[in-house]
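Trainee: I would like a close look at a single part of this structure. Please take me through one strand and what it pairs with.

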Amino acid sequence: MTSRIPRDSRLRLVRPRPLAAAPRAVNQRRPRRAAPRPPEGTPAPAELAGMARSLLAPAARVARWADAALRPGRDGTPSDGKGTLSDATAEKAAADLGLTVAQVRADWDTARLAGLVEVHGDSARPGWRLRAWNRDDSAVLRGWVALFDAWSLAYPEPVDHAPAAVAEVVSAMPQVLSFLQLSAGPVPVTQLLDLLEQRVTELRTERCEIPYGPQPLPDAEALGDPAADTPLAPLLDWALTALASVGALTYGDGQATLTPLGSWAVWVKLEQICVAAQSPAGNIEQSAEDMLRGCAQLRPNAARAEYRAWLAARPVGSAVTELIHAARGEDALTRGLAFEALRVVGAPAEPDVRAVVDEPALRPYALLWLAEHDGVDPEDAHEVLTREEATWLWVDTAAAVADHGEAPMLVRHLESAVQPTVPALLEEVRAVGHPRTVQVLVALAAAHPDPALAKAVRRAAFQVHTGGS
């Protein structure tokens with residue numbers, strides 16, 4: 001049964017809230033609870049990371065080639081600004097790596113979805129996960145999980161099926177994956193198809209709305225629903241093939257089985273936990289970046305105490321320089337925490353903060369820091385940002401939450417956007433050109449419990465990914 005209460009079905013944010021609170025969203029964590037243990041038989045994190053490295057090795061190879069060949073001043077052709085490689089660049093990469101152009105494009109696409117490369121306008125640069133590839137297992141696992149979340153973008157979508165039916169299958173697959181994870185073994189595709197059909201029926205029932213007041217009877221043509229007439233078996237085949245292509249499961253002989261990496265990822269999603277951050281122990285001896293990562297799981301007061309201890313152990317000038325350098329990195333969480341640490345520094349950091357105002361990635365953070373330093377109430381500091389700067393900061397903060405936070409936190413992050421509706425937010429997010437836009441939208445669509453909103457966000461991610469409109 002569905003509710004008969006009339007409601008406005010337009011997608012809206014729950015309630016707009018000043019974006020000044022956005023940089024703090026990552027630190028607004030619930031009290032710690034004992035970390036649940038993965039199911040028996042789950043490989044150790046190092047072994048899982050090895051599996052992820054193996055799966056992403058071709059993408060990492062192309063990303064490293066791009067890092068070496070496409071730097072400014074090198075003889076290389078940049079990307080086309082939409083995230084795809086130009087013909088000349090793809091042909092050069094194929095020749096240098098001994099691959100076909102199709103393989104290069106596929107590996108490049110995977111590298112983008114996994115966050116190994118990021119596209120900025122007409123150029124590309126390595127993502128922080130590629131920089132940490134050999135030394136940080138958690139960065140590798142996060143990269144693979146990002147690809148896992150984007151499985152529907154990683155494999156060509158069926159073109160001969162109603163888009164609404166495809167969206168329904170994408171929305172229903174988490175339940176199918178959960179069933180596979182709980183089964184802990186091969187499951188016949190016929191059984192998965194039954195489950196998929198049940199879940200799609202539930203989704204259609206959940207979104208069914210009866211208009212308030214008397215309504216004219218629809219004619220026979222209006223009753224037609226292309227999605228309802230679409231057979232789900234071919235779409236299940238597409239979904240399982242796509243998930244197999246990213247290494248989440250094996251599929252063949254009429255059955256599907258989660259891989260150890262896929263089973264672990266589904267368990268992580270079910271438990272809604274993030275990959276463990278570095279321990280805060282010994283932060284005083286660490287570099288700025290490692291210290292900030294070590295403080296990521298601390299509550300704000302505890303983190304500020306760590307910042308003070310770290311700052312007390314080194315000259316202020318070099319400490320500020322090191323924090324600014326850490327903020328320039330690819331990890332959005334580290335960027336936000338770096339400016340939190342600079343708030344602890346106070347006045348001595350002002351010249352350095354003013355000096356980075358013209359750097360696009362740091363500008364919103366620097367403007368907020370300077371406004372607060374000049375005495376503006378932190379709750380009103382967001383007013384110094386333009387709409388575009390505020391939107392860029394929203395995406396950057398969302399990237400930090402997606403990488404390091406829990407799914408409910410990402411959903412709650414919607415409240416900090418300045419746009420009054422989700423469609424307005426998506427339009428401006430697409431226009432602002434943040435390099436993590438696709439990953440953020442995919443993660444938000446995977447996390448949000450509202451099927452209609454998730455569908456809209458997923459469509460926007462696909463449009464950004466393909467450069468469409």
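Mentor: Take strand β5, residues 255–258, in this predicted model. Its residues fall on two faces: A256 and L258 make up the covered face, while Q255 and T257 make up the uncovered one.

Now look at what β5 pairs with. Strand β4, which spans residues 249–252, is joined to β5 by four bridges, and the two strands run antiparallel. Within that pairing, G252 of β4 stands opposite Q255 of β5. Follow the chain from β4 to β5 and you cross a turn: the two strands form a hairpin, with two residues between them. D253 lies in this turn and has a positive phi of about 55°.

Strand β3, residues 187–188, also pairs with β5. Here there are two bridges, and the direction is again antiparallel. P188 of β3 has Q255 as its bridge partner in β5. Q255 therefore deserves a second look, and its place can be put together from the pieces above. Q255 belongs to the uncovered face of β5, stands opposite G252 of β4, and is the bridge partner of P188 of β3.

To read β5 on the screen, start at Q255 and go along to L258. Q255 is on the uncovered face, A256 on the covered face, T257 on the uncovered face and L258 on the covered face. Then find β4 through the hairpin, and finish with β3 and its two bridges to β5.

Terms used. Residues are numbered from 1 along each chain as its sequence is written. This is a predicted model: local features need pLDDT of at least 70, side-chain atom pairs count only at pLDDT 80 or more; totals for chains, interfaces and linings use all residues. Side-chain values use heavy atoms; hydrogens and water are left out. Buried means under 20% relative accessible area, exposed over 50%, partly exposed in between (1.4 Å probe, protein chains only). Two strands pair if DSSP finds at least two bridges between them.
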